[in-house]
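Dear colleague,

Please find below the structure that I am handing over to you, followed by an account of what was found in it. I would be grateful if you could read the two side by side.

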Amino acid sequence: MFEATAILVVGLCLLVWSADRLVYGAAAIARNVGISPLVIGMTILAMGSSAPEMVVSATAALSGKTDTAVGNVLGSNIANIALILGVTALIKPLSISSGIIRRELPLMLGVTIVAGAILWDNHLSFYEGVLLAVLFAGFLLAMMKIGKESGESDPMLAEQEAEIPTGVSNVSAGIWVVVGLVLLIFSADMVVESAVTIAKAFGMSDLVIGLTIVAVGTSLPELAASVAGVLKGEDDLAVGNIIGSNIFNILAVMGIPGILNPSMLNPLAMGRDFYVMLAVSVLLFLFAVGKSRIINRWEGIALLICFVGYQGYLLTDMAA
């Protein structure tokens, strides 16, 4: 058990670091070849925080653990809103001024409902995986269009552009891409295997493994990005990372196991966990579109209570 725990911790650290290096190298190459900061920000940087979920989901699906992959999506989305935005709002109330975020929020709710429609029959099929992939491509195109319409004055675009590396040679950037990709795949396998070993020792199902250990672990990049953003006064980027990551998780990450390993799912994914994800998504929408457009500390506390209560329920239900 100690060995599995140590491997899990090392794997999670490598997962976060390698995802960051992969995005760093890819963004640098994109800038060097003349791709606009808008496109880089809305695609490469936006997908970066979901890279761990993508690779872990693929690894779990190829290992025949589709429940873990789907649980990773649901659990990560719940953690992104209830844990990460809860923590960042406690550090500093989050002021939302970006028009892009206000357009992304309804999209996030719409995509969440799409997830419910797919999970309704407790089966994730190949064609549903393909549908999610097509919707993901459409979402990227839509966001680039919204970004162009919003113009360079949108605060989130300005904050994203500031994150794009400059002065990095193509050779150095290419090395980081290769190193990041190799370590991302390697560390994802470490995380999945060690999490399964630990969780099974406690009698946890594949679904609960994805909802707890794997989901919180793969959400670490979002936590780091959001806390760093709020400390630098980049509130829009902190919130935008979470909203974008949740949309990416459903459309890209949940589509992967459907394509790689179509399977029947644990009914609790739809009957319990989907509704928690929907509830915290609605809460975020209500908090973010209010008159003040500020997620205050009390709202952050409410989100954290939701997260702690949900995790406690999972553990209690597992022990019953």
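Helix α1 passes helix α8 in a left-handed crossing. The model in which this appears is a predicted one. Helix α1 covers residues 2–32 and helix α8 covers residues 170–201; the two pack with their axes 6 Å apart and at an angle of about 155°. Because angles over 145 degrees count as roughly antiparallel, α1 is described as roughly antiparallel to α8. Sorted by class, the residues in the contact of α1 with α8 are 27 nonpolar, 11 polar and 1 charged.

One residue of helix α8 deserves a separate remark, namely F186. The relative accessible area of F186 is 48%, so this residue is classed as partly exposed, given that the exposed class begins over 50%. F186 and A26 lie 160 residues apart along the chain, and their C-alpha atoms are separated by 19 Å.

A second helix pair is formed by α4 (residues 66–91) and α9, whose axes come within 7 Å and cross at roughly 50°. The two helices are therefore oblique to each other, and their crossing is right-handed. On the α4 side, the residues that meet α9 are D67, T68, G71, N72, L74, G75 and S76; their counterparts in α9 are D206, L207, I209, G210, L211, V214, A215 and T218. This contact of α4 with α9 divides into 6 nonpolar, 7 polar and 2 charged residues.

How many of the 13 residues of helix α9 are buried? The number is 10, and helix α9 (residues 206–218) is therefore largely enclosed by the rest of the structure. The buried residues of α9 are L207, V208, I209, G210, L211, T212, V214, A215, G217 and T218.

Two residues with polar side-chain contacts may also be of interest to you. T66 belongs to helix α4. Its relative accessibility is 3%, so T66 counts as buried, the cut-off being under 20%. The side chain of T66 makes a polar contact with the side chain of S263 at 3.2 Å. Leaving aside residues up to four places away in sequence, T66 touches A60, L124, P257, N261, S263 and L265.

The other residue is S57, located in helix α3 (residues 51–62). With a relative accessible area of 0%, S57 is buried. The side chain of S57 reaches the backbone oxygen of V253 at 3.1 Å. With residues up to four places away in sequence again excluded, S57 touches A69, N72, V253, I256 and P257. P257 is thus listed among the contacts of S57 and among those of T66, while N72 is listed among the contacts of S57 and among the α4 residues that meet α9.

Lastly, I draw your attention to a point of backbone geometry. N122 is not a glycine, yet N122 has a positive phi of about 60°. This residue lies in the loop between α5 (99–119) and β2 (123–124). Is N122 buried or partly exposed? At 21% relative accessibility, N122 counts as partly exposed, since the buried class is limited to values under 20%.

Yours sincerely

Notes. Residues numbered from 1 in each chain as written. Predicted model: local features only at pLDDT ≥ 70, side-chain atom pairs only at ≥ 80, totals over all residues. Heavy atoms only, no water. Helix = DSSP H or I, 4+ residues; strand = E, 2+ residues; numbered from the N terminus. Buried < 20%, exposed > 50% of the residue type's maximum accessible area, 1.4 Å probe, protein only. Axes fitted to C-alpha atoms, helices over the stretch in contact; angles between N-to-C directions. Parallel < 35°, antiparallel > 145°, perpendicular 65-115°, else oblique. Left-handed = near helix turned anticlockwise from the far one by under 90°. Nonpolar A, V, L, I, M, F, W, Y, C, P; charged D, E, K, R; others polar. Polar contact = N/O pair within 3.5 Å; in protein donor to acceptor, adjacent residues only side chain to side chain. Contact = heavy atoms within 4.5 Å.
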